[in-house]
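Let's take a walk through this model together, starting with the empty spaces and ending with a pair of helices. Keep the structure open beside you as you read.

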Amino acid sequence: RQGTNLREIQSRSNTRIWFLDTNSVNQTKCKFFIRGTADDVQYAEILIHQTISMQPKLEKYVIKVPRAVESTLIGKNGERKRRLEVKSRCKLEVDRENSSSSGEEISIILKGTKDQIETGKKLVEEAIQQHLYIYNKVNRNGSEGPQPALAYKQPLFLKYQDQGNEDGEGDCDILCGSKTGQETLRSSGADQLVQVYVSSIATPSRFWVQNVGPSSIELDKLTEDMTQYYSRKENQLFHRLDSVVAGDIVVAVYSGDSSFYRARVVAYNLDEYDSSQSTVDLDFVDYGDCEVKPIAEIYEIRTEYLRLNFQAVMCRLARVGPADRTSIWSDEAIDEFERLSSCALWKPIYAKIVNGDSTGYNAAVSTTINSTDNDDSTSSSNAAIVEIELFTLEGEENIAQELVKRGFARFVR
């Protein structure tokens, strides 16, 4: 995350390292440029190869599933598919080229590490079992004649609602992070350009960036300190939470690695029968990622970890929309946007704030996210976002124009 491996190699070898991204569709390798003395450069090269060799190997696994299960796996507007990908951390694709339109089975491709694929297989199998259960139940009811519907005056599972506590306002300030500010996009010149990392993407209409500079170094140090503290079992027991409410700022491990990060509670899903099995929907406030975690893995945040502004700034790509004139971005468009913007690769690119003041998050052009966008609705669904244009670091490639040129987007007013 945040290029910590690269910075550590630079620090240990006393060199300066950057890489050239050719943006080739078939690119399988990248070129690293290392500046320093001959011995330092050789040492840096050794460290790079060691780091690469330690990375988990990505694999591909194909599952044959009944064609009738496809709609259950994908869900409305791809919602179920995205949730499966978030939970398993692997990529799920339907192989339509090798699936006969008249056949009874289709091929599902899972891409990721071995552990991610194993998790993905289990989730796909659960979806198949769920589909078969509903299918068999419907058929059984149909063969026995129509069954009377049960009318419940109240839902079976009641949502817990906190009515608030006037005496606990001070605690709420701490837990909700109300004294922690939101990071802003800061440009240093009249051209309104600012160097950023793209940290997470839902769609080109909703993604998150971080400023490149001292704040990113502070975030690395904060993450390191939090991980060191919360990794200790006695500290986990001391800060363990039995319940939370939407808006709370907490600490949790991100499944992509073993580090602890700051997160905002989006929803608390109470299990009425066993509260220890309750889950929490989280937005990671410094990166923009989202996850669902068990309540047992959510921890109270110490006030000292709230001093740094929340680093993830929510943005949308200005002046473009989906190519098919709907509000739904295709998976191919999202994948291409991830590649062009070097999402989560921690490669700096330029952002230009459109029709707004570069000095503040709220001063920039704001809009309301359309709930029909093909991304999961969260607490951010009504939040203001910053409209920006994105360019490669060389300033030669406008990413929005590239999306239009390649047929993944269209210009809008």
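**Spaces and a helix pair**

The second largest cavity has a volume of about 30 Å³. Bear in mind that you're looking at a predicted model. With a threshold of 30 Å³ or more, the cavity count comes to two.

So what lines the second largest cavity? Look for L84, E85, S88, C90, L92, L110, G120 and V124. Two elements, α4 and α5 (114-143), each give two or more residues to this lining. Helix α4 has the largest share, with three residues. Sorted by class, the lining of the second largest cavity comes out as five nonpolar residues, two polar ones and a single charged one.

Now for a space that is open. The second largest pocket holds about 510 Å³. It has 24 lining residues, and to find its centre you can head for K81, S330, D331, E332 and D335, which are the closest to it. Which elements give two or more residues to the lining of this pocket? They are α3 (70-74), α4 (79-88), β4 (91-95) and α9 (331-340). So α4 turns up again here, having already helped to line the second largest cavity. As for chemistry, the pocket lining has ten charged residues, along with nine nonpolar and five polar.

Let's leave the spaces and turn to how two helices pack. Two packed helices are described by the angle between their axes and the distance between the axes. Take α1 (residues 4-13) and α2 (residues 38-53): their axes come within 9 Å and cross at roughly 150°. Angles over 145 degrees count as roughly antiparallel, and α1 and α2 are therefore roughly antiparallel to each other. As for handedness, α1 and α2 cross in a right-handed way.

Which residues make the contact? On the α1 side you'll find N5, I9, R12 and S13, and they meet D40, Y43, A44, L47, I48 and T51 of α2. By class, the residues of this contact split into five nonpolar, three polar and two charged.

Technical notes: Residues are numbered from 1 along each chain as its sequence is written. This is a predicted model: local features need pLDDT of at least 70, side-chain atom pairs count only at pLDDT 80 or more; totals for chains, interfaces and linings use all residues. Side-chain values use heavy atoms; hydrogens and water are left out. On a 1 Å grid over the protein atoms alone, a cavity is a set of points where a 1.4 Å probe fits but cannot get out, and a pocket is an open set with protein on both sides within 12 Å along at least five of seven lines; lining residues have an atom within 4 Å of a point. Grid points are joined across faces, edges and corners, and a volume is the space filled by probe spheres set on the points. Helices (H or I, at least four residues) and strands (E, at least two) are DSSP runs, numbered from the N terminus. Ala, Val, Leu, Ile, Met, Phe, Trp, Tyr, Cys and Pro count as nonpolar, Asp, Glu, Lys and Arg as charged, and the others, Gly among them, as polar. Axes are lines fitted to C-alpha atoms, for helices over the stretch in contact, and angles run from 0 to 180 degrees between N-to-C directions. Angles under 35 degrees count as roughly parallel, over 145 as roughly antiparallel, 65 to 115 as roughly perpendicular and the rest as oblique. A crossing is left-handed if the near helix is turned anticlockwise from the far one by less than a right angle, and right-handed if clockwise. Contact means heavy atoms within 4.5 Å.
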